Amino acid sequence: MIKSTIKGVGFYVPDNVVTNDDLAELMTTNDEWITERTGIKERRHRKNRYDSQETSAYLGFKAAEKAIQNAGLTSKDIDYIVFATLSPDYYFPGCGVLLQDMLGCDTIGALDVRNQCSGFVYSMSVANAFIKSGTYKNILVVGAEVHSFGLDFSDEGRGVSVIFGDGAGAIVLSATEDENAGDILAMNMHSEGKYADDLCTQFPGSKFGWSDRMRKDPENVTNKEVYPIMNGNFVFKHAVTRFPETMMEALNKAGKKVEDLDMFIPHQANLRIAQFVQEKFGLPNEKVFNNIQKYGNTTAASIPIALSEAIEQGKIKRGDLVLLSAFGSGFTWGSVLFEY
Ligand code: UT7
(Lines give C-alpha, C1' and ligand atoms only; values in the text may rest on other atoms or scores of the structure.)
Protein backbone atom coordinates (compact mmCIF):
# COMPACT_ATOMS: atom_id res chain seq x y z
CA MET A 1 0.00 0.00 0.00
CA ILE A 2 1.35 3.45 -0.92
CA LYS A 3 1.66 5.86 1.97
CA SER A 4 1.95 9.68 1.81
CA THR A 5 4.73 10.57 4.18
CA ILE A 6 6.11 14.00 5.08
CA LYS A 7 9.73 13.65 4.07
CA GLY A 8 10.91 17.22 4.59
CA VAL A 9 9.75 20.56 5.99
CA GLY A 10 11.01 24.14 5.82
CA PHE A 11 9.93 27.72 6.37
CA TYR A 12 11.13 31.22 5.63
CA VAL A 13 10.07 34.63 6.88
CA PRO A 14 11.46 38.06 5.96
CA ASP A 15 13.96 39.51 8.48
CA ASN A 16 11.99 42.69 9.05
CA VAL A 17 10.11 42.46 12.37
CA VAL A 18 7.09 44.78 12.77
CA THR A 19 5.91 45.15 16.36
CA ASN A 20 2.50 46.30 17.56
CA ASP A 21 4.17 49.57 18.60
CA ASP A 22 5.48 50.00 15.05
CA LEU A 23 1.89 49.70 13.76
CA ALA A 24 0.71 52.21 16.36
CA GLU A 25 2.84 54.77 14.54
CA LEU A 26 0.84 54.21 11.35
CA MET A 27 -2.71 54.03 12.74
CA THR A 28 -4.76 54.45 15.90
CA THR A 29 -4.04 51.18 17.64
CA ASN A 30 -1.97 49.90 20.54
CA ASP A 31 -0.10 46.85 21.78
CA GLU A 32 -2.71 46.14 24.47
CA TRP A 33 -5.64 45.93 22.01
CA ILE A 34 -3.79 43.76 19.51
CA THR A 35 -2.37 41.42 22.17
CA GLU A 36 -5.67 41.03 24.00
CA ARG A 37 -7.83 40.48 20.89
CA THR A 38 -5.45 38.40 18.77
CA GLY A 39 -2.41 37.25 20.78
CA ILE A 40 -0.11 38.81 18.18
CA LYS A 41 2.99 40.67 19.44
CA GLU A 42 4.84 41.03 16.13
CA ARG A 43 4.77 39.93 12.50
CA ARG A 44 7.17 40.03 9.54
CA HIS A 45 6.77 42.43 6.64
CA ARG A 46 9.16 42.49 3.74
CA LYS A 47 11.53 45.43 4.19
CA ASN A 48 10.16 47.45 1.32
CA ARG A 49 6.41 47.25 0.86
CA TYR A 50 6.79 47.95 -2.86
CA ASP A 51 9.65 45.49 -3.41
CA SER A 52 9.27 43.34 -6.50
CA GLN A 53 11.97 40.85 -5.40
CA GLU A 54 10.68 39.49 -2.09
CA THR A 55 7.44 38.16 -3.54
CA SER A 56 5.22 35.25 -2.50
CA ALA A 57 6.90 32.99 -5.06
CA TYR A 58 10.32 34.04 -3.72
CA LEU A 59 9.38 33.39 -0.08
CA GLY A 60 7.91 30.06 -1.21
CA PHE A 61 11.17 29.30 -3.02
CA LYS A 62 13.24 29.93 0.12
CA ALA A 63 10.96 27.67 2.18
CA ALA A 64 10.92 25.02 -0.59
CA GLU A 65 14.72 24.92 -0.78
CA LYS A 66 14.84 24.11 2.93
CA ALA A 67 12.09 21.46 2.69
CA ILE A 68 13.81 19.73 -0.25
CA GLN A 69 17.13 19.74 1.57
CA ASN A 70 15.48 18.52 4.76
CA ALA A 71 14.00 15.63 2.75
CA GLY A 72 17.47 14.71 1.49
CA LEU A 73 16.38 15.36 -2.10
CA THR A 74 17.23 17.81 -4.89
CA SER A 75 14.81 19.88 -6.94
CA LYS A 76 15.20 17.33 -9.77
CA ASP A 77 13.46 14.76 -7.54
CA ILE A 78 10.31 16.88 -7.26
CA ASP A 79 7.69 15.72 -9.76
CA TYR A 80 4.78 18.05 -8.93
CA ILE A 81 4.17 21.39 -7.20
CA VAL A 82 1.08 22.56 -5.34
CA PHE A 83 1.27 26.24 -4.36
CA ALA A 84 -1.27 27.89 -2.08
CA THR A 85 -1.45 31.68 -1.86
CA LEU A 86 -3.94 34.54 -1.85
CA SER A 87 -1.22 37.06 -2.68
CA PRO A 88 0.25 35.82 -5.97
CA ASP A 89 3.06 37.70 -7.73
CA TYR A 90 0.87 38.11 -10.79
CA TYR A 91 -2.92 38.16 -11.07
CA PHE A 92 -2.13 35.40 -13.55
CA PRO A 93 -0.17 33.15 -13.99
CA GLY A 94 -0.01 31.60 -10.53
CA CYS A 95 3.03 31.21 -8.28
CA GLY A 96 3.49 27.47 -8.95
CA VAL A 97 5.10 28.03 -12.34
CA LEU A 98 7.37 30.76 -10.96
CA LEU A 99 8.56 28.36 -8.28
CA GLN A 100 9.15 25.63 -10.88
CA ASP A 101 11.44 28.06 -12.68
CA MET A 102 13.23 29.34 -9.56
CA LEU A 103 13.97 25.80 -8.40
CA GLY A 104 15.13 24.73 -11.86
CA CYS A 105 12.77 21.76 -11.83
CA ASP A 106 12.06 19.93 -15.07
CA THR A 107 8.81 20.86 -16.85
CA ILE A 108 6.74 19.31 -14.06
CA GLY A 109 3.12 20.22 -13.33
CA ALA A 110 2.51 23.20 -11.06
CA LEU A 111 -0.92 23.76 -9.57
CA ASP A 112 -2.11 26.90 -7.75
CA VAL A 113 -4.67 26.63 -4.97
CA ARG A 114 -6.91 29.60 -4.10
CA ASN A 115 -8.33 28.67 -0.71
CA GLN A 116 -6.79 31.37 1.48
CA CYS A 117 -6.42 30.27 5.12
CA SER A 118 -7.44 26.71 4.23
CA GLY A 119 -5.11 26.71 1.23
CA PHE A 120 -2.46 24.50 2.74
CA VAL A 121 -4.92 21.90 4.01
CA TYR A 122 -6.58 21.80 0.58
CA SER A 123 -3.14 21.54 -1.07
CA MET A 124 -2.07 18.64 1.13
CA SER A 125 -5.28 16.84 0.29
CA VAL A 126 -4.59 17.19 -3.44
CA ALA A 127 -1.00 16.03 -3.03
CA ASN A 128 -2.12 13.08 -0.91
CA ALA A 129 -4.56 11.96 -3.63
CA PHE A 130 -1.83 12.12 -6.31
CA ILE A 131 0.57 10.13 -4.13
CA LYS A 132 -1.99 7.49 -3.14
CA SER A 133 -3.06 7.01 -6.77
CA GLY A 134 0.57 6.35 -7.73
CA THR A 135 0.69 9.40 -10.02
CA TYR A 136 3.62 11.25 -8.37
CA LYS A 137 6.39 10.35 -5.91
CA ASN A 138 7.69 13.61 -4.41
CA ILE A 139 5.30 16.54 -4.30
CA LEU A 140 6.32 19.95 -3.09
CA VAL A 141 3.45 21.58 -1.19
CA VAL A 142 3.94 25.28 -0.48
CA GLY A 143 2.00 28.00 1.31
CA ALA A 144 3.38 31.54 0.90
CA GLU A 145 2.05 35.03 1.38
CA VAL A 146 3.14 38.64 1.11
CA HIS A 147 0.35 40.59 2.77
CA SER A 148 2.23 43.74 3.65
CA PHE A 149 1.96 45.33 0.20
CA GLY A 150 -1.83 45.02 0.12
CA LEU A 151 -3.08 46.11 3.54
CA ASP A 152 -4.87 49.29 4.54
CA PHE A 153 -2.64 50.88 7.19
CA SER A 154 -5.07 53.75 7.76
CA ASP A 155 -7.50 53.73 10.71
CA GLU A 156 -10.20 52.42 8.39
CA GLY A 157 -8.27 49.18 7.86
CA ARG A 158 -6.89 48.66 11.38
CA GLY A 159 -9.25 45.76 12.20
CA VAL A 160 -7.63 43.74 9.40
CA SER A 161 -4.12 45.08 8.85
CA VAL A 162 -2.80 44.41 12.36
CA ILE A 163 -3.47 40.70 11.94
CA PHE A 164 -1.64 39.70 8.78
CA GLY A 165 2.03 38.96 8.18
CA ASP A 166 4.36 37.75 5.43
CA GLY A 167 5.98 34.30 5.32
CA ALA A 168 6.17 30.89 3.69
CA GLY A 169 6.27 27.23 4.61
CA ALA A 170 6.73 24.07 2.58
CA ILE A 171 6.72 20.30 2.86
CA VAL A 172 7.79 17.48 0.58
CA LEU A 173 5.10 14.80 0.57
CA SER A 174 6.54 11.53 -0.71
CA ALA A 175 5.31 8.09 -1.70
CA THR A 176 6.61 5.16 0.31
CA GLU A 177 5.74 1.54 1.00
CA ASP A 178 7.87 1.43 4.14
CA GLU A 179 5.66 -0.03 6.85
CA ASN A 180 7.35 2.11 9.52
CA ALA A 181 6.82 5.40 7.67
CA GLY A 182 4.17 7.95 8.57
CA ASP A 183 1.05 8.45 6.46
CA ILE A 184 -1.91 10.76 5.96
CA LEU A 185 -4.74 8.96 7.72
CA ALA A 186 -7.75 11.22 7.11
CA MET A 187 -8.69 14.55 5.61
CA ASN A 188 -11.74 16.64 4.86
CA MET A 189 -12.50 19.87 3.05
CA HIS A 190 -15.57 22.11 3.22
CA SER A 191 -16.88 25.34 1.74
CA GLU A 192 -19.77 27.79 2.13
CA GLY A 193 -19.52 30.34 -0.66
CA LYS A 194 -22.52 32.37 0.45
CA TYR A 195 -20.13 34.05 2.90
CA ALA A 196 -17.58 35.10 0.26
CA ASP A 197 -18.18 38.80 0.96
CA ASP A 198 -17.52 38.42 4.70
CA LEU A 199 -13.77 38.02 4.15
CA CYS A 200 -12.47 39.03 0.76
CA THR A 201 -10.50 41.39 -1.43
CA GLN A 202 -12.48 42.65 -4.40
CA PHE A 203 -9.59 44.06 -6.42
CA PRO A 204 -8.99 43.09 -9.25
CA GLY A 205 -11.98 40.73 -9.46
CA SER A 206 -13.95 40.42 -12.69
CA LYS A 207 -17.19 40.96 -10.75
CA PHE A 208 -16.12 44.54 -10.04
CA GLY A 209 -14.67 45.64 -13.36
CA TRP A 210 -11.55 46.80 -11.61
CA SER A 211 -8.81 47.20 -14.16
CA ASP A 212 -10.92 49.53 -16.24
CA ARG A 213 -12.23 51.51 -13.23
CA MET A 214 -8.75 51.95 -11.76
CA ARG A 215 -7.57 53.40 -15.06
CA LYS A 216 -10.52 55.61 -15.80
CA ASP A 217 -12.06 56.53 -12.45
CA PRO A 218 -9.34 56.16 -9.75
CA GLU A 219 -10.63 59.13 -7.73
CA ASN A 220 -13.83 57.28 -6.86
CA VAL A 221 -12.26 53.99 -5.83
CA THR A 222 -12.55 53.52 -2.04
CA ASN A 223 -10.19 51.77 0.40
CA LYS A 224 -12.73 49.05 1.13
CA GLU A 225 -12.85 48.18 -2.56
CA VAL A 226 -9.14 47.56 -2.99
CA TYR A 227 -8.00 46.31 0.43
CA PRO A 228 -9.04 43.14 2.28
CA ILE A 229 -12.32 43.42 4.18
CA MET A 230 -13.41 41.19 7.03
CA ASN A 231 -16.56 40.90 9.08
CA GLY A 232 -14.37 39.99 12.08
CA ASN A 233 -16.96 38.95 14.67
CA PHE A 234 -18.93 36.93 12.14
CA VAL A 235 -15.79 35.11 10.92
CA PHE A 236 -14.78 34.44 14.52
CA LYS A 237 -18.14 32.86 15.39
CA HIS A 238 -18.05 30.57 12.35
CA ALA A 239 -14.43 29.61 13.03
CA VAL A 240 -15.11 28.41 16.57
CA THR A 241 -17.95 26.23 15.28
CA ARG A 242 -16.23 24.82 12.21
CA PHE A 243 -12.87 24.03 13.83
CA PRO A 244 -14.31 21.44 16.24
CA GLU A 245 -16.51 19.93 13.49
CA THR A 246 -13.69 19.38 11.02
CA MET A 247 -11.33 18.12 13.75
CA MET A 248 -13.84 15.51 14.95
CA GLU A 249 -14.63 14.49 11.38
CA ALA A 250 -10.95 13.73 10.72
CA LEU A 251 -10.46 11.88 14.00
CA ASN A 252 -13.62 9.82 13.57
CA LYS A 253 -12.73 8.88 10.01
CA ALA A 254 -9.39 7.47 11.19
CA GLY A 255 -10.93 5.79 14.23
CA LYS A 256 -8.90 8.01 16.58
CA LYS A 257 -9.81 9.92 19.72
CA VAL A 258 -8.77 13.40 20.85
CA GLU A 259 -6.61 11.74 23.53
CA ASP A 260 -4.63 9.92 20.80
CA LEU A 261 -3.36 13.23 19.40
CA ASP A 262 0.27 14.16 20.03
CA MET A 263 -0.04 17.61 18.44
CA PHE A 264 -2.78 19.88 17.14
CA ILE A 265 -1.75 22.74 14.84
CA PRO A 266 -4.59 25.16 14.13
CA HIS A 267 -4.34 27.71 11.34
CA GLN A 268 -2.90 30.76 13.10
CA ALA A 269 -5.87 33.11 12.68
CA ASN A 270 -6.28 34.38 16.21
CA LEU A 271 -4.87 33.01 19.49
CA ARG A 272 -8.33 33.31 21.06
CA ILE A 273 -9.78 30.94 18.45
CA ALA A 274 -7.01 28.40 19.08
CA GLN A 275 -7.49 28.67 22.85
CA PHE A 276 -11.25 28.24 22.53
CA VAL A 277 -10.75 25.02 20.57
CA GLN A 278 -8.03 23.82 22.94
CA GLU A 279 -10.31 24.31 25.93
CA LYS A 280 -13.28 22.67 24.23
CA PHE A 281 -11.27 19.49 23.67
CA GLY A 282 -9.35 19.69 26.96
CA LEU A 283 -6.01 19.58 25.15
CA PRO A 284 -2.96 20.30 27.32
CA ASN A 285 -0.63 23.16 26.29
CA GLU A 286 2.12 20.81 25.08
CA LYS A 287 -0.28 19.30 22.52
CA VAL A 288 -1.21 22.57 20.80
CA PHE A 289 1.32 24.57 18.78
CA ASN A 290 0.87 28.32 18.30
CA ASN A 291 3.33 30.85 16.89
CA ILE A 292 0.90 33.61 15.87
CA GLN A 293 2.56 35.72 18.60
CA LYS A 294 5.67 36.02 16.37
CA TYR A 295 4.32 35.89 12.83
CA GLY A 296 0.71 37.07 12.89
CA ASN A 297 -1.73 35.40 10.50
CA THR A 298 0.11 34.33 7.35
CA THR A 299 -3.01 32.64 5.84
CA ALA A 300 -1.89 29.77 3.55
CA ALA A 301 1.61 29.84 5.06
CA SER A 302 0.58 29.64 8.72
CA ILE A 303 0.20 25.86 8.99
CA PRO A 304 3.42 24.88 7.17
CA ILE A 305 5.40 27.52 9.11
CA ALA A 306 4.00 26.20 12.41
CA LEU A 307 4.52 22.58 11.38
CA SER A 308 8.14 23.24 10.37
CA GLU A 309 8.86 25.17 13.56
CA ALA A 310 7.26 22.53 15.78
CA ILE A 311 9.36 19.79 14.12
CA GLU A 312 12.49 21.95 14.29
CA GLN A 313 11.91 22.49 18.03
CA GLY A 314 11.51 18.75 18.60
CA LYS A 315 7.85 19.13 19.57
CA ILE A 316 6.76 16.67 16.86
CA LYS A 317 8.67 13.40 16.48
CA ARG A 318 8.48 10.59 13.95
CA GLY A 319 5.45 8.41 14.68
CA ASP A 320 3.46 11.22 16.35
CA LEU A 321 -0.22 11.71 15.48
CA VAL A 322 -0.72 15.28 14.25
CA LEU A 323 -3.88 17.16 13.31
CA LEU A 324 -3.86 20.26 11.11
CA SER A 325 -7.08 22.29 10.86
CA ALA A 326 -7.94 25.54 9.12
CA PHE A 327 -10.84 27.94 8.61
CA GLY A 328 -11.01 31.11 6.57
CA SER A 329 -12.13 33.11 3.58
CA GLY A 330 -14.63 31.45 1.27
CA PHE A 331 -15.70 30.34 3.78
CA THR A 332 -13.54 27.26 3.50
CA TRP A 333 -12.32 24.90 6.19
CA GLY A 334 -10.83 21.45 6.59
CA SER A 335 -8.36 19.16 8.34
CA VAL A 336 -5.54 16.74 7.65
CA LEU A 337 -4.73 14.02 10.21
CA PHE A 338 -1.39 12.30 9.78
CA GLU A 339 1.22 10.17 11.41
CA TYR A 340 4.59 11.95 11.07
O1 UT7 B 1 -7.53 33.84 8.94
C2 UT7 B 1 -8.77 34.08 8.37
C3 UT7 B 1 -9.83 33.96 9.37
N4 UT7 B 1 -9.86 35.14 10.19
C5 UT7 B 1 -10.24 35.06 11.42
O6 UT7 B 1 -10.50 33.98 11.91
C7 UT7 B 1 -10.38 36.33 12.21
C8 UT7 B 1 -11.59 36.27 13.06
N9 UT7 B 1 -11.88 37.53 13.78
C10 UT7 B 1 -11.04 38.05 14.69
O11 UT7 B 1 -9.97 37.55 14.94
C12 UT7 B 1 -11.54 39.27 15.44
O13 UT7 B 1 -12.86 39.54 15.07
C14 UT7 B 1 -10.67 40.53 15.21
C15 UT7 B 1 -9.33 40.36 15.90
C16 UT7 B 1 -10.46 40.76 13.74
C17 UT7 B 1 -11.34 41.75 15.83
O18 UT7 B 1 -11.58 41.53 17.20
P19 UT7 B 1 -13.00 41.81 17.80
O20 UT7 B 1 -12.91 41.48 19.23
O21 UT7 B 1 -14.02 41.07 17.00
O22 UT7 B 1 -13.14 43.37 17.67
P23 UT7 B 1 -14.23 44.23 16.87
O24 UT7 B 1 -14.02 44.13 15.40
O25 UT7 B 1 -15.58 43.88 17.41
O26 UT7 B 1 -13.87 45.70 17.30
C27 UT7 B 1 -13.99 46.13 18.68
C28 UT7 B 1 -13.54 47.57 18.80
C29 UT7 B 1 -14.20 48.49 17.77
O30 UT7 B 1 -14.41 49.74 18.40
P31 UT7 B 1 -15.86 50.13 18.97
O32 UT7 B 1 -16.78 50.07 17.79
O33 UT7 B 1 -16.17 49.08 20.01
O34 UT7 B 1 -15.64 51.50 19.52
C35 UT7 B 1 -13.14 48.66 16.71
O36 UT7 B 1 -13.27 49.88 16.00
O37 UT7 B 1 -12.12 47.67 18.54
C38 UT7 B 1 -11.88 48.64 17.51
N39 UT7 B 1 -10.71 48.20 16.76
C40 UT7 B 1 -9.45 48.49 17.11
N41 UT7 B 1 -8.96 49.20 18.15
C42 UT7 B 1 -7.61 49.29 18.24
C43 UT7 B 1 -10.67 47.45 15.61
N44 UT7 B 1 -9.41 47.25 15.25
C45 UT7 B 1 -8.62 47.88 16.15
C46 UT7 B 1 -7.23 48.03 16.31
N47 UT7 B 1 -6.77 48.73 17.35
N48 UT7 B 1 -6.34 47.46 15.45
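**Strand 1**

I began with strand 1, residues 3–12, in this predicted model. I found that nine of its ten residues are buried, and I noted the strand as mostly covered. I then looked for its partner and found strand 7, residues 167–176. The two strands run antiparallel and are joined by nine bridges. To fix the register I looked up one pair: Lys-3 stands opposite Thr-176 of strand 7.

**Strand 4**

Next I turned to strand 4, residues 80–84. Five of its five residues are buried, so I wrote the strand down as largely enclosed by the rest of the structure. I checked which way the residues point. Tyr-80, Val-82 and Ala-84 point one way, while Ile-81 and Phe-83 point the other way. In a regular strand the side chains alternate between the two faces of the sheet. In strand 4, the residues pointing either way are all buried.

Which strand pairs with strand 4, and in which sense, parallel or antiparallel? I found strand 5, residues 109–113, paired with strand 4 in the parallel sense over five bridges. Ala-84 stands opposite Val-113 of strand 5.

**Helix 2**

I looked at both ends of helix 2, residues 31–38. At its start, a side-chain oxygen of Asn-30 comes to within 3.2 Å of the backbone nitrogen of Glu-32. After the helix comes Gly-39, with a positive phi near 85 degrees.

**Helix 3**

I checked the length of helix 3, residues 56–70. Its 15 residues, at 1.5 Å a residue, should span 21 Å, and I found the end C-alpha atoms 21 Å apart, so the two values agree.

I then listed the buried residues of the helix: Ser-56, Ala-57, Leu-59, Gly-60, Phe-61, Ala-63, Ala-64, Ala-67 and Ile-68. What do these buried residues pack against? I found strand 1, strand 4, helix 4, strand 6 and strand 7. Just after helix 3, Gly-72 has a positive phi of about 75 degrees.

**Helix 4**

Helix 4 covers residues 95–103. I noted its buried residues as Cys-95, Gly-96, Leu-98, Leu-99, Gln-100 and Leu-103. Their cover includes helix 3, strand 4, strand 5 and strand 6. Gly-104 follows this helix, and its phi is positive, near 70 degrees.

**The loop between strand 6 and helix 6**

I looked up three residues in the loop that runs between strand 6 (138–145) and helix 6 (158–161), beginning with His-147. Is His-147 buried or exposed? Its relative accessibility is 8%, so I counted His-147 as buried. Its side chain makes a polar contact of 2.9 Å with the side chain of Thr-299. Leaving aside neighbours within four places in sequence, I found His-147 in contact with Leu-86, Phe-164, Gly-165, Asp-166, Asn-297, Thr-298 and Thr-299.

Phe-149 is in this loop too. With a relative accessible area of 42%, Phe-149 is partly exposed. Beyond four places in sequence, I found Phe-149 in contact with Arg-46, Arg-49 and Ser-87. I also looked up how Phe-149 stands to Tyr-340: 191 residues separate them in sequence, and their C-alpha atoms are 35 Å apart.

The third loop residue I looked up was Leu-151. At 5% relative accessibility, Leu-151 counts as buried. Not counting residues up to four places away in sequence, Leu-151 touches Ser-161, Phe-164, Tyr-227 and Pro-228. Phe-164 is also among the contacts of His-147. From Leu-151 to Gly-165 I counted 14 residues in sequence and 9.9 Å in space, C-alpha to C-alpha.

**The ligand**

Last I looked at the ligand. How many residues surround the ligand? I found 22, the closest being Thr-29, Arg-37, Cys-117, Asn-270 and Asn-297. Asn-297 had already come up as a contact of His-147.

I then looked for distances from oxygen atoms of the ligand to N or O atoms in side chains. For Arg-158 I noted 3.0 Å. For His-267 I noted 3.0 Å. For Asn-270, which is listed with the closest residues, I noted 2.6 Å. Taken alone the ligand exposes 960 Å², of which the protein buries 73%.

Methods
Residues numbered from 1 in each chain as written. Predicted model: local features only at pLDDT ≥ 70, side-chain atom pairs only at ≥ 80, totals over all residues. Heavy atoms only, no water. Helix = DSSP H or I, 4+ residues; strand = E, 2+ residues; numbered from the N terminus. Buried < 20%, exposed > 50% of the residue type's maximum accessible area, 1.4 Å probe, protein only. Polar contact = N/O pair within 3.5 Å; in protein donor to acceptor, adjacent residues only side chain to side chain. Contact = heavy atoms within 4.5 Å. Pairing = 2+ DSSP bridges. Expected span 1.5 Å × (residues − 1). Near = heavy atom within 4 Å. Areas by Shrake-Rupley, 256 points an atom, 1.4 Å probe, with all protein chains shown as cover.
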